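User: I would like to learn how to read a structure feature by feature. Could you take me through one, with the cut-offs stated as we go?

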Amino acid sequence: MNEFSFIAENWKKVQERIIKKAEDCGRDPSEINVVAVSKGVPPEGIREAVKVGIKAIGENRVQEAEKKISLLSDLSCEWHMVGHLQKNKVKKAINLFSLIHSVDTFELAEELNKYAEKEGKKVEVLLQLNLSEEPTKYGFKEEEFWKVYEKIFELKNLNVKGLMTIGPLTDDKNEVRKVFRKLYTIWEKLKENTKLSLPYLSMGMSEDFEIAIEEGANLLRLGRIIFQKDFEVGR
């Protein structure tokens, strides 16, 4: 018996919830993508996730990702960096991930640009905002973001694909909604200002992804709801 066979059932239920929520708020479910966050999940669990149809895997740490990517090089999936990226890990990160969700300072953007230029490549990134202003979270505060965003878009080896945020750690759904709604508003304004499509709005995790869908997210970062056997999927 495969110890990760439960992933198929978890994934089926997650997809059902995404489809229902999208349809309830008049959205096309096919435009909502999922990154399965596999922090702490062994390679066999990731293999099972890809087998049941998951197309993007998200890792929080470069070192852990590097080992897994090497062991799973035969898999047909994208790898995303969804955790905080330290500047001393940038050189490795640009060759491991197809999308980095967590560009949270101008200095990090510059560092990514510098190494991407050396490698002769363009790196696809999302800019992370900390809209709940929790001291434990990384990301640009809104005011700071509007001061530096033009400088980031001038970095020639970065390809900014959208925005990312993490919802506040609270049971108050209105507080969570407020943060997601604010990111959507910033995203719309940014697209207007830059005249770029910026396709991705990355927000929503296992506990709050349905609110994120209601507020316009099209890239959900789901971990435990997929990879944890006893997660309350139906709540």
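Analyst: We will go through the pocket, the cores, the salt bridges, one helix and some backbone angles.

User: What should I know about the model and its numbering?

Analyst: This is a predicted model, in which local features need pLDDT of at least 70 and side-chain atom pairs count only at pLDDT 80 or more, while totals for chains, interfaces and linings use all residues. Residues are numbered from 1 along each chain as its sequence is written, and side-chain values use heavy atoms, with hydrogens and water left out.

User: How is a pocket defined, and how much space lies in the largest pocket?

Analyst: On a 1 Å grid over the protein atoms alone, a pocket is an open set of points where a 1.4 Å probe fits, with protein on both sides within 12 Å along at least five of seven lines. Points are joined across faces, edges and corners, and the volume is the space filled by probe spheres set on them. Here the largest pocket holds about 720 Å³.

User: Which residues line the largest pocket?

Analyst: Lining residues have an atom within 4 Å of a point. There are 30 of them, and V37, K39, N60, V82 and G83 lie nearest the centre of the pocket. Elements are DSSP runs numbered from the N terminus: helices (H or I) of at least four residues, strands (E) of at least two. α3 (62-71), β8 (219-222) and α9 (224-227) each supply at least two lining residues.

User: What is the chemical make-up of the lining?

Analyst: Ala, Val, Leu, Ile, Met, Phe, Trp, Tyr, Cys and Pro count as nonpolar; Asp, Glu, Lys and Arg as charged; the others, Gly among them, as polar. The lining divides into twelve nonpolar, eleven polar and seven charged residues.

User: What makes a nonpolar core, and which residues have the most contacts inside the largest one?

Analyst: A core is a set of buried Ala, Val, Leu, Ile, Met, Phe, Trp, Tyr and Cys residues joined through side-chain atoms within 4.5 Å. Buried means under 20% relative accessible area, exposed over 50%, partly exposed in between (1.4 Å probe, protein chains only). The largest core has 74 residues, and I100, L112, F145, L163, L220 and I226 have the most contacts inside it. Helix α7 (residues 173-194) gives the largest share, seven residues. A second, separate core has eight residues, including V35, V37, A56 and L99.

User: What does L112 touch beyond its neighbours within four places in sequence?

Analyst: Contact means heavy atoms within 4.5 Å. With those neighbours left aside, L112 contacts L85, V90, I94, I100, V103, V125 and L158.

User: How many salt bridges does the structure hold?

Analyst: A salt bridge is a side-chain nitrogen of Lys or Arg within 4 Å of a carboxyl oxygen of Asp or Glu. The structure holds 21. In one of them, the closest N and O atoms of E16 and K12 are 3.3 Å apart.

User: Why are E16 and K12 separated by about one helical turn?

Analyst: An α-helix has 3.6 residues a turn, so residues three or four places apart point the same way. E16 and K12 are about one turn apart because they sit four residues apart in helix α1 (residues 6-24). E16 is partly exposed at 44%, and K12 is partly exposed at 45%.

User: Which parts of the chain does the bridge between E215 and R177 tie together?

Analyst: The closest N and O atoms of E215 and R177 are 2.8 Å apart. E215 lies in the loop between α8 (209-214) and β8 and R177 in helix α7, so the bridge ties parts 38 residues apart in sequence. E215 is buried at 10%, whereas R177 is partly exposed at 23%. Both belong to a salt-bridge network with K21, R181 and E214.

User: Which residues of α2 are buried, and what covers them?

Analyst: G45, I46, E48, A49 and V50 are buried. Their cover includes α1, β2 (56-59), α3, β3 and α9.

User: Where does phi take a positive value?

Analyst: G53, just after α2, has a phi of about 115°. Two cases are residues other than glycine: E133, near 55°, and K195, near 60°. E133 lies in the loop between β5 (123-129) and α6 (142-153) and is partly exposed at 48%. K195 lies in the loop between α7 and β7 (200-202) and is exposed at 69%.
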